[in-house]
Amino acid sequence: MKKSEILENIVSGLIIITKELNVLYINKTACQILDIEDKKNSLDELKSPRLENLLRIIKEAIENNKFFDREEIEIRNKKNNELTIGLTINKIKNVYLIVFRDITEIKEITKENEIRKRLIMLGQMAAGVAHEIRNPLSSIRGLIELSKAKIKDKKIKKNLEIALLEIDAINNIITDVLNFAKPWHIETNIINFNEYIDELIEKNIEIKKNEDVQYLKIIKEYDNNIGEVKIDSNAVKIIFNNIFINAIEAIEDKKEGEIKVITKLNGTNIELTVIDNGIGIEEDKKELLLNPFYSTKPSKGTGLGLTITKKIIDTIKGKLYFENNKNSKGMLFKVVLPIYEIKEGDNN
């Protein structure tokens, strides 16, 4: 193999340039990274605004007789996507060798790992604070309940009831923070899936009974092929509860509120879909739904429900899809839940 063929096909981009900025050589990899289609016009491309950082550092090396080792700069391709390249500039005789690689993906992974570490630390701190708050909160709640039982003044009693509701709201926030902070451990058991979802629906309706949900229409489309399955039922409960409660709270007019719950057996998975006719969400804000503490209803909840849901789904090797309902207002959430083989000796 000729030397030119080796240089042409190495994994790093290579540019050989004179101090007068004449490009003597540019290899195929360099053209791919820098999005240069015609080698003959490579100098013109280097002078384009999207590659100005690269040309700037080359000029700096030439003018100041300075060499760079593993320098990182930002450039853009012709689609205006930002890339990070790591480069080295050396002088050999009267020419300059610029060797570089696209490290965008590596930088993204490093950034994600750093964010993940910080979230873990934040979760540990939050869990510690939550535990410290929960203990005195339980004492306060107990004292209020005792006082409420002894006090006959209706106005004071009403105020104490409001205080209890506020304490329960704080306790729910603490529960969400603790669920967010702790790792999920898969524990499977055997359940009748459709009956289990029915129970969860009834319990959620009961929880929301003071919010005028009697006009809420629940449509159930269950796959009769789903009988008893081995699954992580605790995971199913938290996932469904978060999605179903979100659906209820997204419906502005409860007299016309409608939620459809669909179950479907698909191989070794169950597809659980919840569709509401609520307010939906703007397309540009859709991905924010999974961000910690982001909420479309600031007056309710912590904004952790869907973050916890996604975390659990990832742990149990499931999948989550969501989009604005194409047929009407509202949202569609679909969860793919893995089921396990029932073996002899497994108990409910």
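## Strands, a hairpin and a buried lysine

Strands S9 and S10 form a hairpin with 2 residues between them, and Gly 267 in the turn has a positive phi of about 65°. This description rests on a predicted model. Within the hairpin, S9 (residues 258–266) and S10 (residues 269–276) are paired in the antiparallel sense over 8 bridges, and Leu 265 has Ile 270 in S10 as its bridge partner. S9 also pairs with strand S7 (residues 217–221), here in the parallel sense, and Ile 219 stands opposite Lys 260 in S9.

Three of the strand pairings are set out below.

| Strands | Sense | Bridges |
|---|---|---|
| S7 and S9 | parallel | 5 bridges |
| S9 and S10 | antiparallel | 8 bridges |
| S1 and S2 | antiparallel | 3 bridges |

An open sheet of 5 strands, with antiparallel pairing, has the order S2-S1-S5-S4-S3. Its edge strands are S2 (23–26) and S3 (68–76), each of which pairs on one side only, and the twist from one strand to the next averages 25°. Strand S1 (residues 13–18) is joined to S2, with Ile 15 standing opposite Ile 26 in S2. Helix H4 (residues 52–63) lies across S1, S3, S4 (82–92) and S5 (95–102), and runs at about 150° to S3.

Turning to a single residue, Lys 230 lies in strand S8 (residues 228–231). Lys 230 counts as buried because its relative accessibility is 15%, and buried means under 20%. Leaving aside neighbours within four places in sequence, Lys 230 is in contact with several residues, including Thr 188, Asn 189, Tyr 340, Glu 341 and Asp 346.

Note on methods:
Residues are numbered from 1 along each chain as its sequence is written. This is a predicted model: local features need pLDDT of at least 70, side-chain atom pairs count only at pLDDT 80 or more; totals for chains, interfaces and linings use all residues. Side-chain values use heavy atoms; hydrogens and water are left out. Helices (H or I, at least four residues) and strands (E, at least two) are DSSP runs, numbered from the N terminus. Buried means under 20% relative accessible area, exposed over 50%, partly exposed in between (1.4 Å probe, protein chains only). Contact means heavy atoms within 4.5 Å. Two strands pair if DSSP finds at least two bridges between them. Axes are lines fitted to C-alpha atoms, for helices over the stretch in contact, and angles run from 0 to 180 degrees between N-to-C directions.
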